[in-house]
Amino acid sequence: MLTTDLILLQAPAAGMINILLFAAMFAVFYFFIIRPQMKKAKDQQKFWSELKKGDRVVTSGGIYGRIVEKKENSVL
C-alpha cells in the first residue's frame, strides 16, 4: 500500500512536466517557424508597396525588367 500512495503523489508532477514540455515545443515552433514566416511576409508586402513606375527589378527566374505599370491588389 505504501508504493501505491507514492505513485499517486507523483502523478500531478508528471502532468505539470507534460504541460511545460508542450509549452516549450510551442515556443520553439513559434520562434523558428511562425515568426520568421510572418517577418518574411511583412518584408515582401513592404517591398511590393514601395515599388513604383521605372524601378528596375529581377524576377525569381533571373529576368531583368523595369516596372511599367503597377495595379493595386494584383499579383502577376
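This is the transcript of a short talk on one protein chain and the contacts within it.

Good morning. Please keep in mind throughout that the structure shown above is a predicted model.

I shall begin with the overall layout. The secondary structure of this chain consists of one helix and two strands, and along the sequence these follow the order α-β-β. Helix 1 covers residues 2-50, and strand 1 covers residues 56-58. How much of the chain is buried? Of its 76 residues, 4% count as buried. The accessible surface of the chain amounts to about 7500 Å². Carbon and sulfur atoms account for 68% of that area.

Let us turn to the surface itself. A nonpolar patch is found there, with about 1100 Å² of accessible area in total. Its members include Phe-22, Met-25, Phe-26, Val-28 and Phe-29. Phe-31, Ile-34 and Met-38 also belong to the patch, and Met-38 is located in helix 1.

Phe-31 deserves a second look. The structure has one aromatic pair. The ring centres of Tyr-30 and Phe-31 lie 5.2 Å apart with the planes at 80°, and therefore the pair is edge-to-face. The reasoning rests on a cut-off: planes over 60 degrees apart count as edge-to-face. Are these two residues buried or exposed? Tyr-30 has a relative accessibility of 29%, so it counts as partly exposed. Phe-31, at 46%, is likewise classed as partly exposed.

Another ring takes part in a contact with a charged residue. Lys-70 sits over the face of Trp-48, 5.4 Å from the ring centre.

I now come to the salt bridges, of which the structure contains two. One of them joins Asp-43 to Lys-39, where the closest N and O atoms are 3.5 Å apart. Why are these residues about one helical turn apart? The reason is that Asp-43 and Lys-39 are four residues apart in helix 1. As for their surroundings, Asp-43 is partly exposed because its relative accessibility is 40%. Lys-39 has a relative accessibility of 52% and therefore counts as exposed. The cut-off behind that last label is 50%, since exposed means a value over it.

The other salt bridge links Asp-55 and Lys-52, with 3.4 Å between the closest N and O atoms. Asp-55 is placed in the loop between helix 1 and strand 1. Is Asp-55 buried or exposed? Its relative accessibility is 19%, so Asp-55 counts as buried. Here the cut-off matters, because buried means under 20%. Asp-55 also has a contact with the backbone of Lys-52: a polar atom of the Asp-55 side chain lies 2.9 Å from the backbone nitrogen of Lys-52. Lys-52 is thus approached by Asp-55 in two ways, through the salt bridge and through this backbone nitrogen.

The loop between helix 1 and strand 1 holds one further residue that I should like to mention, Leu-51. Leu-51 has a relative accessible area of 12%, and so it is buried. Which residue does Leu-51 meet from elsewhere in the sequence? The C-alpha atoms of Leu-51 and Ile-67 are separated by 7.9 Å, although these residues are 16 positions apart along the chain.

To close, I would ask you to return to the loop between helix 1 and strand 1 when you view the model. Both Leu-51 and Asp-55 can be found there. Thank you for your attention.

Notes: Residues numbered from 1 in each chain as written. Predicted model: local features only at pLDDT ≥ 70, side-chain atom pairs only at ≥ 80, totals over all residues. Heavy atoms only, no water. Phe/Tyr/Trp six-rings, centres within 6.5 Å; stacked < 30°, edge-to-face > 60°. Buried < 20%, exposed > 50% of the residue type's maximum accessible area, 1.4 Å probe, protein only. Lys NZ or Arg CZ within 6 Å of the ring centre and 35° of its normal. Patch = residues over 30% accessible without salt bridge, like charges linked within 9 Å, V, L, I, M, F, W, Y side chains within 5 Å. Areas by Shrake-Rupley, 256 points an atom, 1.4 Å probe, with all protein chains shown as cover. Salt bridge = Lys/Arg side-chain N within 4 Å of Asp/Glu carboxyl O. Polar contact = N/O pair within 3.5 Å; in protein donor to acceptor, adjacent residues only side chain to side chain.
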